[in-house]
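User: I am a first-year student, and I would like a close look at the core of this protein and at the way the parts around it pack together. Could you take me through it carefully?

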Amino acid sequence: MGQALARRYHDAGWRLALVARRQQAMADWVQRQGLDPARITLHAADVTQPDSVIAAAHACMASQGVPDVVIANAGISHGMDSSERADLDVMQQILATNVLGMAATFQAFIRPMRERGSGSLVGIASVAGIRGLPGHGAYCSSKAAALTYCESLRGELHGSGVRVVTLLPGYIATPMTAGDHFSLPFLLSADQFAERAQRAIAAGASYRVIPWQMGVVAKLLRLLPNAVFDRLFAGRPRKPRLTPRPLTGVVAPADPVAPGTPDVPAASCADPDTPGHHPAPPSTP
Ligand SMILES: NC(=O)c1ccc[n+]([C@@H]2O[C@H](COP(=O)([O-])OP(=O)(O)OC[C@H]3O[C@@H](n4cnc5c(N)ncnc54)[C@H](OP(=O)(O)O)[C@@H]3O)[C@@H](O)[C@H]2O)c1
């Protein structure tokens, strides 16, 4: 979704400061897309490390001035079993990325935007923040926190000329939802999302569900009494938890191991369930 937004703003003639953990991957993407490098600066930062994203914000302002729009898009999503100790660490990472990461992304821009009297701070939350879904406690609570954080910030900035735009995507086809095996109603492509998001930001919307049909569903879900809601979602398929595979065996090499050959470290296997492996597992919106 971040790439689709970048592409769309680029094509509309904007200057961009793109932030990601993997700067080389971002540079390669910019080149492959044929984007105009003269209008783009790239910054490496991890939003769970506030000082790194704040440094990126200052570098952006030093090279391009105070931006008109800042979009806090970084997010992660994994299933959760609250009875598992390991999932507390996963939850910590999800909250650090989706909540603290959003506040850290905005922080350095708030004072300069306020002094200038204009700007838009855009938080990408989710319809998953509207009600808590079983098996998704970490993600749903992170997005609920993102929603209320944006609302608090909107109140803080009221009358300053700085807008806070809260976007709640429904299901969007990205690596985050690529492995979802349950139905994804009203699924949009990342580009369809970006087009609607850009319009909502330009209109200065304070809160927008994309697509609107998911907004209606979300409102209805909010109205459902708990007993009905709980029954409805009790058997719903859940996305996988992010747990390391148990270390129960080693794949035998085709050739006998030569004397002195070091053991294969368990973490060197390309294991999609291993924390830190980037391609994202299935998720809620
Ligand atoms: N897809 C959906 O259906 C959907 C629905 C509702 C809301 N959302 C929200 O929309 C946003 C974008 O999601 P997406 O679907 O585009 O997911 P995605 O394809 O998995 O992309 C997420 C992006 O966030 C980056 N990121 C993760 N942790 C980061 C960190 N600590 N520091 C910096 N960057 C980090 C990832 O970078 P790496 O490449 O380095 O991992 C990746 O580029 C997220 O906030 C997500 O929760 C998505």
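Analyst: A good place to begin is Leu-167, which, leaving out residues up to four places away in sequence, touches Val-122, Gly-123, Ile-124, Ala-125, Ala-197, Ala-200, Arg-208 and Ile-210. Please keep in mind throughout that this is a predicted model. Leu-167 belongs to the largest nonpolar core, which has 64 residues, and it is named there together with Ala-72, Val-122 and Phe-193 as having the most contacts inside that core. Helix 4 gives the most to this core, with 10 residues. As background, nonpolar side chains in soluble globular proteins tend to be buried together.

Since helix 4 contributes in this way, let us look at its partners, beginning with helix 5. Helix 4 and helix 5, which spans residues 137–156, pack with their axes 9 Å apart and at an angle of about 20 degrees. Because angles under 35 degrees count as roughly parallel, helix 4 is described as roughly parallel to helix 5. The crossing in which helix 4 passes helix 5 is right-handed. On the side of helix 4, the residues that take part are Val-90, Met-91, Ile-94, Leu-95, Asn-98, Val-99, Met-102 and Ala-103, and they meet Ala-138, Tyr-139, Ser-142, Lys-143, Ala-145, Ala-146 and Tyr-149 in helix 5. Sorted by class, the residues of this contact between helix 4 and helix 5 are 12 nonpolar, two polar and one charged.

One residue of that contact, Tyr-139, deserves a pause. Tyr-139 lies in helix 5, and it counts as buried because it has 29 C-beta neighbours inside 10 Å, where 20 or more are needed. Tyr-139 also shows how the fold brings together distant parts of the sequence, for Tyr-139 and Ser-77 are 62 residues apart in sequence and yet 5.7 Å apart in space, from C-alpha to C-alpha.

The other partner of helix 4 to consider is helix 3. The axes of helix 3, residues 50–64, and helix 4, residues 86–116, come within 9 Å of each other and cross at roughly 35 degrees, and helix 3 passes helix 4 in a right-handed crossing. Here Pro-50, Val-53, Ile-54, Ala-57, His-58 and Met-61 in helix 3 meet Leu-100, Ala-104, Thr-105, Gln-107, Ala-108, Phe-109 and Pro-112 in helix 4. The residues of this contact between helix 3 and helix 4 divide into 10 nonpolar, three polar and no charged.

Phe-109, which lies in helix 4, can be followed a little further. Phe-109 is buried because 21 other C-beta atoms lie within 10 Å. Apart from neighbours within four places in sequence, Phe-109 is in contact with Ala-57, Val-66, Pro-67, Val-70, Gly-119 and Leu-121. Of these, Val-66 is 43 residues away from Phe-109 in sequence, while the C-alpha atoms of the two are 7.3 Å apart in space.

We can now turn to helix 1, residues 2–11, whose buried residues are Ala-4, Leu-5 and Ala-6. These buried residues pack against strand 1, strand 3 and helix 6. The axes of helix 1 and helix 6 come within 8 Å and cross at roughly 55 degrees, which means that helix 1 is oblique to helix 6. That crossing of helix 1 and helix 6 is right-handed. In this contact Ala-4, Leu-5 and Arg-8 of helix 1 meet Ala-190, Asp-191, Phe-193, Ala-194, Glu-195, Ala-197 and Gln-198 of helix 6, and by class there are six nonpolar, one polar and three charged residues. Two of the names are familiar, since Ala-197 is touched by Leu-167 and Phe-193 is among the residues with the most contacts in the core.

Finally, there are some details of the backbone to notice. Most residues other than glycine have a negative phi, and most peptide bonds are trans. Against that background, Phe-186 has a positive phi near 60 degrees; this residue sits in the loop between strand 6 and strand 7, and it counts as partly exposed because 17 other C-beta atoms lie within 10 Å. Gly-13, just after helix 1, takes a positive phi of about 95 degrees. The peptide bond from Ile-210 to Pro-211 is cis, with omega near 0 degrees, and Pro-211 is found in the loop between strand 8 and helix 7. Ile-210 brings us back to the start, as it is one of the residues that Leu-167 touches.

Terms used:
Residues numbered from 1 in each chain as written. Predicted model: local features only at pLDDT ≥ 70, side-chain atom pairs only at ≥ 80, totals over all residues. Axes fitted to C-alpha atoms, helices over the stretch in contact; angles between N-to-C directions. Helix = DSSP H or I, 4+ residues; strand = E, 2+ residues; numbered from the N terminus. Left-handed = near helix turned anticlockwise from the far one by under 90°. Contact = placed C-beta atoms within 7 Å. Nonpolar A, V, L, I, M, F, W, Y, C, P; charged D, E, K, R; others polar. Buried ≥ 20, exposed ≤ 12 C-beta atoms within 10 Å, placed from the backbone. Core = buried A, V, L, I, M, F, W, Y, C linked by C-beta atoms within 7 Å. Parallel < 35°, antiparallel > 145°, perpendicular 65-115°, else oblique.
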